[in-house]
Amino acid sequence: MNKRIFEIPEEDILCKGHMACIGCGVPLAMKFMLKGLGRKTILVVPASCNSVIDGTYPFSASGVPLVHVPIAAAAAIASGIRAGLDMIGDIETTVAAWAGDGGTYDIGFQALSGASERNENIIYVCYDNEAYMNTGIHRSSASPFLAWTTTTPLSSPKNVPKKNIDFIMAEHKIPYIATASIAFPDDFIKKFATAKNIRGMRFIHILIPCQAGWKTNPSKTVKIARLAVQTGIFPLFEIKSGKITLNYNEKDVPVEEYFKLQGRFSHLKKKDIINIQRDVDRNWKRIIKLTKVV
Ligand SMILES: Cc1ncc(C[n+]2csc(CCOP(=O)(O)OP(=O)(O)O)c2C)c(N)n1
Ligand SMILES: [Mg+2]
């Protein structure tokens with residue numbers, strides 16, 4: 001785990017009174033992100049839960065300018081805002097897209113891939129709650145293998161694995177990629193503070209438990225986020241200029257501990273859990289191997 005080498009700002013830029021569900025991990029992530037990025041930030045938010053969480057016009061809980069945009073266009077609109085700021089000589093303001101998994105893995109992917117290939121000078125954040133939550137818990141390509149969603153009911157749970165967005169992004173050869181967890185605030189805030197000072201395309205992926213969609217106890221949101229890291233299901237790493245570093249080196253908890261707190265996995269059989277554990281172990285070994293590549 002990264003040692004704390006900077007002071008975390010006391011000030012909370014995210015305001016109280018946002019409209020998230022009780023136990024939602026999104027405001028916590030937004031709060032940590034804004035501590036890392038500071039007030040000179042413009043947020044670009046495609047249709048998602050966060051469009052609601054921010055509040056209804058003329059109110060906004062984010063504490064920084066926030067632009068609501070169509071779901072397919074976050075990376076393109078963030079690129080345009082960056083170009084506009086550059087034209088007026090504002091190189092200080094950070095432009096950050098803040099999109100859900102549906103808006104990133106699926107509907108917004110062509111804009112994201114295009115902006116990455118052009119190495120646009122923006123930060124793109126995917127807050128991943130593993131389904132289209134805002135419109136009714138529909139499966140996305142970020143939903144895990146065998147997860148229940150309203151479009152993958154128990155009679156036919158999701159039958160393909162979650163798309164590996166981090167390594168797809170790595171193939172775009174952008175300067176900075178990181179995963180972050182609300183259960184590891186120091187590491188989380190440090191990654192945003194690091195990203196802020198890098199030029200070019202930066203991609204940060206946050207796993208966010210959703211009590212409504214994951215069928216969990218709202219008081220367990222942070223615990224479940226921590227278990228995702230401790231089981232190796234959601235490893236914490238950074239890829240800087242192609243070099244990968246693990247930020248949390250232990251993987252000492254069986255995946256079952258993560259699954260048993262979530263109703264969306266309550267139908268899993270012993271053999272399913274054994275198979276998933278095998279996949280997680282394989283993926284972990286792959287990442288360890290990549291950390292040794294110079
Ligand atoms: C082109 C388009 N298709 C569908 C929608 C409807 N829609 C609005 S929010 C949303 C869910 C987005 O899911 P995700 O990006 O995962 O964010 P979450 O709601 O989970 O926070 C959808 C499908 C839309 N606004 N535009
Ligand atoms: Mg989602």
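**Exercise 1. Work out why Cys24 forms no disulfide in this predicted model.**

Step 1. Start with the rule: a disulfide is a pair of cysteine sulfur atoms within 2.5 Å.
Step 2. Find the partner that might qualify. For Cys24, the closest cysteine sulfur is in Cys21, 6.1 Å away, which is too far for a bond.
Step 3. Look from the other side as well. The sulfur of Cys21 has Cys24 as its closest cysteine sulfur, again at 6.1 Å and too far for a bond.
Step 4. Finish the count: by this rule there are zero disulfides.

Some ground rules before you go on. Residues are numbered from 1 along each chain as its sequence is written, and chains are lettered from A and ligands numbered from 1 in the order in which they are written. The model is predicted, with local features needing pLDDT of at least 70 and side-chain atom pairs counting only at pLDDT 80 or more, while totals for chains, interfaces and linings use all residues; side-chain values use heavy atoms, and hydrogens and water are left out.

**Exercise 2. Describe the surroundings of ligand 1.**

Step 1. List the neighbours, taking a residue as near if one of its heavy atoms lies within 4 Å. There are 15 residues around ligand 1, and the closest are Cys49, Gly102, Gly103, Tyr127 and Asn134.
Step 2. Ask which element gives the largest share of this shell. Helix H4 (residues 101-106) does, with three residues; helices (H or I, at least four residues) and strands (E, at least two) are DSSP runs, numbered from the N terminus.
Step 3. Sort the shell by class: seven nonpolar, seven polar and one charged. Here Ala, Val, Leu, Ile, Met, Phe, Trp, Tyr, Cys and Pro count as nonpolar, Asp, Glu, Lys and Arg as charged, and the others, Gly among them, as polar.
Step 4. Look at the oxygen atoms of the ligand. One is 2.6 Å from an N or O atom in the side chain of Tyr127. A backbone N or O atom of Gly102 lies 2.8 Å from an oxygen atom of ligand 1, and a polar backbone atom of Met133 is 3.0 Å from an oxygen atom of the ligand.
Step 5. Check the cover: on its own, ligand 1 has 590 Å² of accessible area, and the protein covers 71% of that (Shrake-Rupley method, 1.4 Å probe).

**Exercise 3. Find the open spaces and the enclosed one.**

Step 1. Set the terms. On a 1 Å grid over the protein atoms alone, a cavity is a set of points where a 1.4 Å probe fits but cannot get out; a pocket is an open set with protein on both sides within 12 Å along at least five of seven lines; lining residues have an atom within 4 Å of a point. Points are joined across faces, edges and corners, and a volume is the space filled by probe spheres set on them.
Step 2. Take the largest pocket, with a volume of about 680 Å³. Its lining has 28 residues, of which Pro161, Lys162, Ile233, Val280 and Asn283 are the closest to its centre. Helix H11 gives the largest share, six residues, and the lining divides into 17 nonpolar, five polar and six charged.
Step 3. Move to the second largest pocket, about 300 Å³. Among its 13 lining residues, Phe167, Ala170, Lys173, Ile239 and Gly242 are the closest to the centre. H6 and H11 each supply at least two residues of this lining.
Step 4. Now the enclosed space. One cavity of 30 Å³ or more is present, and the largest cavity has a volume of about 40 Å³. Its lining includes Leu14, Pro27 and Met30.

**Exercise 4. Locate two backbone features.**

Step 1. Find the cis peptide bond: it runs from Tyr57 to Pro58, with omega near 10 degrees. Pro58 sits in the loop between H2 and strand S2 (66-69).
Step 2. Find the positive phi: Glu130 has one of about 65 degrees although it is not a glycine. Glu130 is in the loop between strand S4 (123-128) and H6.

How values were computed:
A polar contact is a pair of N or O atoms within 3.5 Å; within protein, one must be able to donate a hydrogen and the other to accept it, and residues adjacent in sequence count only if both atoms are side-chain atoms.
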